[in-house]
Amino acid sequence: MKKNRKILVYLTLFIIALTSLRLYWLFVVTPPEPAHAIHGELDLREWDFESGRAISLNGEWAFYPNQLLTNSASIDKEKQPPMQMLNVPGNWNHVFGNDKNPTFGYGSYRLLIQVKADEDRIYGIHLPTTPASSKIIVNGRVIAQAGEPGASADSYKPRIAPYSGTFSSGEEEIEIIVQVANFNDRIAGGIYWPIKFGSDQAVHKTTWFSAGLQLSVCLVLLGHAIYSAILYGMGIRQKALVYFFLLLLIAIVSILIDNSYLLIAWLPISYEWNLKLYYLSYLGMAVLILRYTISLLPEISHIWGLRAYTAISAVYAAAIPFLPVEWLTYTDYIHVPLVMISFLAVPVVAYMAVLKGNKDVIFILLGISAITVNSIWGIVKNTGWMEMGFYPFDMIAAFIAFGSYWFKRYLRSSAQTAKLAEKLLDEDKRKDQFLVQTSHELRNPLHGMLAIAQTILSGDERVDDAKNRDNMGLLLSVGKRMSYLLNDLLDISRLKEKQVRLELKAVSVQAVAAGVCDMIRLMTAGKPVELVNRIPDELPVVLADENRLVQILFNLLHNAAKFTDEGIITVDARIKDGQAVITVTDTGIGMNEEQLRKAFEPYEQGVDGNIAYASGLGLGLGICKQLIELHEGEITVSSKRGFGSVFTFTLPLFNAAIDEEKPSVIPLPVQAMLRETAAAFAKPVNAPQAGGSVSRLHLLVVDDDPINLSVMRNVLSHEGFEVVTATSGKEALNQLTAVEWDLIITDVMMPNMSGYQLTQAVRQRFEVTELPILLLTARSRPEDIEMGFQSGANDYLTKPIDVLELKSRVRALTDIRKSFKERLRVEAAWLQAQIQPHFLFNTLNAIGALSEIDTNRMMSLLNEFGDYLRASFDPRNLERVVVLEHELKLVRSYLHIEKERFEERLQVHWEIDENLTLELPPLSIQPLVENAVKHGILKRARGGSLYIRIKGYADYTEVVIEDDGIGIEDNRLNSLLTGEAAEGQGIGLRNTDRRLNQLYGRGLQLESIVGQGTKISFVIPRSG
């Protein structure tokens, strides 16, 4: 209703605009200049003929019926009927008393015009179309004529065409006689259009202005017709283009044979064919407008009576060329209704399209409104109530509106085509992603099956039946899981083709949910996720297919478990409006608006479009929705990003009055399915194997699939590796500092954090040689491999993985780790060996000098020097961490020696919290202290102060080494810990920074101001 009012407002405003424009045209652009003749005389002595304006000779003309006058002398006053005054423009229908054909007859119009005598003035006179023949005689001389007036139908020659004539007269009175005869036109008789009079230039200007307007409109319409033909020729084979092209051509013909009758003036067309073209053009416009409108509205495919209307119009149009003129005028009772039916039907058809939701139909209504307004003004013009010339804008507006609808539709179709093309490209991309994902999901269990089989075959000769039985059970479980995956692929096809049949019976939702929860609970082992079944035991049974209900609950709960790293997953049920309402709620990552909109679409992964973070095929929720709808229920979802999701679906209750069958708790086939599927996840996945020796290499295996973790543990444990597993990238990062890892093996396609992201996070703390990473995935495209290496991986293996190849690559990567550890030992030895000869020489000199001055101080210095050497070469310096006191003992010995050497130039200030227990990397404070003394304080002649602060906080301990030495320039400060060491530059700072990064994720923090000093600090997190 609101839409209808809106369209009505638009139409009203459009009609008001057209009417206002026409009124402006009539009274401002082309104002009429009428004269008023009285009793056959007109005084124009005060008229300015030099003004360039033509005047309309309106008013009372003397009319002489049944007389064809040539001058005043030829008047027969006795002739009947007698002379009478007739208004021009106007008709003579009442003059002859012919009731049968009142428009038929002949006679002469006479007007005397008084002017100022001017022999040099040339006058012009223009007579519009006058049925059916006319002749102008001025002062007894024939000026111009159309046809040949005669006293009978046999003696006259009809021709309807406007014409003009010029003459000169030096007299003060001009006699104008217009002979008129009509024996064909049954609609009108007499002069019913204004006669224009003035100077020859003014009349010529007025005549050609009207003709020029008509030609302009024709050119506009011809342009539309040409581009319509071009579009059709370019391959747009639409009926609407053909109808529009023909409509434009016929509209051009209708303009040229009406108003100024330009077509007749240019071509030798007889009166008979002029009339026939008039009938054919308007009939053709009516039929084509209706057909064009219907062709543009596909939603209006069938209109009652359209074929009959078209057939009748075609028969009538075929008959028109063969009908005599006398008979043709009698067919107005057919012609007018056929034309009116079309102009009435088009708004009705447009309104029907509005009701069907077509927004662009307003253009058709605007076009029809323009034609209607033009027709109404045409009626006003034909009545003679108001003088008006040709008005071009209504027809232009009508055809622009019709064309606009087609163009708007074409543009909308183009936009839709572009969207469809974009959607097709997106679907093609999703198809490729789906194939990659399907490959990954199928290769995962296939990889497990092959790895288990190879493990059994490559075992030692000693047969372990119990172990083999476990492996074979796991092999069967993996195969079963693959079959479920293939069932999902088959189900999506069957559901699309509506081939799924339900076996409805009474089912206990609580019992089915309990079994599914047990299976999901095994899948979430190792995650801080609590799975709660809150379905009450007294919940009435539902009418459902038991197998499909298990499938629905499994997909919903599995989806919740997949996207919930920690929190609670709850399944609940209640009765509402005679239906069971089951709800699955999780506290996972949630969904945004776009993901909510696409949640139930097939192949959607719910991971912001990044396939590398996805797992599964993206079919589960779509299958759930269709299965629930088959049960005559519905499913909805609400979610907020970061706050979890709530899936709610309904099922009909079992009606005991209809079916007395008692519900089974869980049918045997379903029980078997739950047991077998749960077995695939029954192996513990997160705890490392007990009994491993300290010397065994530590491997961290990361995969969201428990089966893959179990298989990898079985394969690698046989090779003497200590294998620890993690089910997510986040969990792997948390375990990164638990032990000193020798290799990380991670799957690429995991939810929330992909293997690529995990690799990038590890590389922020460990270099490629410090902690190797091996990527496993089913994706083997070059761009995937390149992305893996760009993320920082050392190697790449494609599933299904050959066990021998896996073992070989693991050994190769762990050997890299061994080489790096050897390099660290070399660096540690280098640090220990950095007691430069001049330091030893200076220390020994100091000892020798004190032996002659102060033997007590000498003995003290000698003891500290011995402690310094023992601490520097202590084997504990090769361990990962040492106690704080061990590190400080070395620092104190070093500072005691330097203090004895430089005395007042070196001031040391200690600020260490009491009772502080702390472990930190060996040789982490001493190189910083030595750097501050040698390169900061002692570079000043007056020396300086050294501050050593170790302060404990709630979550960490901060170690600060600060001096007031010469400081470090900014450009050099930035390069101390990055890039390659410059020649002559030590490795102490870099080595310390790298080790701190590896253990705690943060290295050294440097601050320095030239001339004021340097501050170096690092943070050690508190354990536990």
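Where does N877 lie, relative to helix 23 and strand 24? In this predicted model, N877 sits in the loop that links helix 23 (855–872) with strand 24 (882–883). The residue counts as buried because its relative accessible area is 5%, under the 20% cut-off. L923 is 46 residues away along the chain from N877, yet their C-alpha atoms are separated by 6.9 Å.

Let's turn to the nonpolar cores. The largest one has 84 residues, and the members that touch the most others are L221, I289, Y292, F399, F402 and W406. Helix 5 (residues 271–296) gives the most to this core, contributing 13 residues. F402 is worth a look in the viewer: leaving aside residues up to four places away in sequence, F402 touches F244, I289, Y292, F363, I364, G367, I368 and I371. Two of these partners, I289 and Y292, were also named above among the residues that touch the most other core members. There is also a second, separate core of 45 residues, and among its members are A846, L850, Y894 and L920.

Now for the strands. Strand 11 (residues 196–199) pairs with strand 2 (residues 55–56) and is also joined to strand 6 (residues 122–127). The table sets out both pairings.

| Partner of strand 11 | Sense | Bridges | Residue opposite F197 |
|---|---|---|---|
| Strand 2 (residues 55–56) | antiparallel | two bridges | I55 |
| Strand 6 (residues 122–127) | antiparallel | four bridges | I125 |

F197 is a handy residue to centre on here: F197 is the bridge partner of I55, and I125 stands opposite F197 as well.

Terms used: Residues numbered from 1 in each chain as written. Predicted model: local features only at pLDDT ≥ 70, side-chain atom pairs only at ≥ 80, totals over all residues. Heavy atoms only, no water. Buried < 20%, exposed > 50% of the residue type's maximum accessible area, 1.4 Å probe, protein only. Core = buried A, V, L, I, M, F, W, Y, C linked by side-chain atoms within 4.5 Å. Contact = heavy atoms within 4.5 Å. Pairing = 2+ DSSP bridges.
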